[in-house]
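Q: Could you take a close look at the aromatic side chains here and walk me through how they sit? I'd also like to hear about the surroundings they belong to.

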Amino acid sequence: MSETATSRDRRALLGRTGALVGLLVGLLFWGWLIARWLNAWLFSGITGIGPNEPFVSPSIFGGIAETLTATASLLGPLGGPVYLTGELFLYAAQTPNGLPQLAGAVWLTIVLTVLGLGLGLIIAVPLSVARVYGGTVSRSIALGYIELIRGTPLLAQLFVLHFGTGLSSFIREFPGVGQSIIPDQFIWVAIIGFTINSAAYQAEYIRSALLSVEEGQLTAARAVGLSKLEAIRYVVLPQGLRYAIPGWSNEFVYLIKYSSLAAFITVPELFFTSQELATVGYQITVVYTLAALIYLALVLSASKLMNRIEQAVSIPGLGHVTGRTH
């Protein structure tokens, strides 16, 4: 019994330690990103650090590497870890990694993901309602849209929008496009493409969630005088959207990674910037490894955020969310 209690205590300690380490890593990651963005947008004239310049000069890393190497020599056989740490600083001093450029590109990756997901949700809700409660015509239209989009590659959809429809030329004619903070036409095409694609997948997640709501609730809502549309709006959807959050989280994660496809229509997001850096003399392995780590950090952050949202909007007794205290 005591061993079981000790084992539980160890697991709890490991869990708390892991959570603390994850929190610290997350704070460092987002703190660095926000600092890079603020410096690039507002404070570069004050700090004297350009948007593509590192916060810490590589020469400082070189000095630290020399100090650690000298210390390792003094420690003799015990100086191995110190020597290896010094080698890491020396690598950082000698290897251009492109981190400032990648930080700037992350902002565009986030914009593409968030807008694609949010605008896609606006389209997905009526599509899912039409699939579950619509008549023959509306149900067929919704099904045709969903199957067409889900049955074709996202990259092909982006190419059709970009090269085959003249959408880029149309958007370019709008006043202000590509100027100041307004994105250029390529970015708008990517946002439209992601919205169209994400709407189809989200509609299926929400449709599945709507089917999880007991049919009797719609009947009861109609019995108290609500119209069918009002019953769906005020009774079914509030529950169904909560059920859809886990599937919606998956779509969030997928869209973060699929945003890299925008690179093929020259949108300078994270993957496109990594390619650009790799072709101008930066260490290819280092650049793509850093890009992969940044994608991983974004995905983990999105998963954590959606878990918090799921817990925040959960209703006691409804669904299977754990950790709810009221």
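**Rings, and what lies around them**

A: Let's start with phenylalanine 174, which counts as partly exposed at 43% relative accessibility. Phenylalanine 170 has a relative accessible area of 53%, so it falls in the exposed class, because that class begins over 50%. Keep in mind that this is a predicted model.

Now for ring partners. Two rings pair if their centres lie within 6.5 Å, and by that rule there are nine aromatic pairs. One of them joins phenylalanine 29 to tryptophan 30, with 5.2 Å from centre to centre and 80° between the planes, which makes it edge-to-face. Phenylalanine 29 has a relative accessible area of 13%, so it is buried. Tryptophan 30 comes out at 27% relative accessibility, so it is partly exposed. Back to phenylalanine 170 and phenylalanine 174: their ring centres are 5.3 Å apart and the planes meet at 85°, so this pair is edge-to-face too. The reason for the label is that planes over 60 degrees apart count as edge-to-face.

Phe29 and Trp30 also have company, since they form one aromatic cluster with Trp32. Another kind of ring contact turns up at phenylalanine 55, where arginine 36 lies over the face of the ring at 4.1 Å from its centre.

What about the nonpolar packing? The largest nonpolar core holds 41 residues, and a phenylalanine, Phe194, is among the members that touch the most others, along with Val106, Leu112, Ala190, Ile256, Val267 and Ile294. Eight helices supply at least two residues each: α1 (2–47), α4 (99–133), α6 (154–164), α7 (167–172), α8 (185–212), α11 (245–258), α12 (270–279) and α13 (284–313). The top contributor is α13, with ten residues.

Valine 267 gives you a feel for the contacts in there. Leaving out residues up to four places away in sequence, valine 267 touches two phenylalanines, Phe186 and Phe272, plus Leu108, Leu112, Ile187, Ala190 and Ala262. Another core lies apart from the largest one; it has 21 residues, including Val129, Ala130, Val132 and Ala244.

For a side chain that isn't fully tucked away, try leucine 121, which is found in helix α4. Its relative accessible area is 25%, so leucine 121 is partly exposed. Setting aside residues up to four places away in sequence, leucine 121 touches a tryptophan, Trp248, as well as Gln202 and Ile206. The C-alpha atoms of leucine 121 and threonine 195 are 8.3 Å apart in space, although 74 residues separate them in sequence.

Stepping back, the chain has 13 helices and zero strands. Of its 326 residues, 36% are buried. Long-range contacts are plentiful: among those between residues at least 6 apart in sequence, 71% join residues at least 24 apart. The radius of gyration is 25 Å, whereas a compact globule of 326 residues would be near 20 Å. The C-alpha atoms fill a box of roughly 85 × 70 × 35 Å along the principal axes. As for the outside, the chain exposes about 18,700 Å², and carbon and sulfur atoms supply 67% of that area.

Terms used:
Residues numbered from 1 in each chain as written. Heavy atoms only, no water. Phe/Tyr/Trp six-rings, centres within 6.5 Å; stacked < 30°, edge-to-face > 60°. Buried < 20%, exposed > 50% of the residue type's maximum accessible area, 1.4 Å probe, protein only. Lys NZ or Arg CZ within 6 Å of the ring centre and 35° of its normal. Core = buried A, V, L, I, M, F, W, Y, C linked by side-chain atoms within 4.5 Å. Helix = DSSP H or I, 4+ residues; strand = E, 2+ residues; numbered from the N terminus. Contact = heavy atoms within 4.5 Å. Rg over C-alpha atoms; globule rule 2.2 N^0.38 Å. Areas by Shrake-Rupley, 256 points an atom, 1.4 Å probe, with all protein chains shown as cover.
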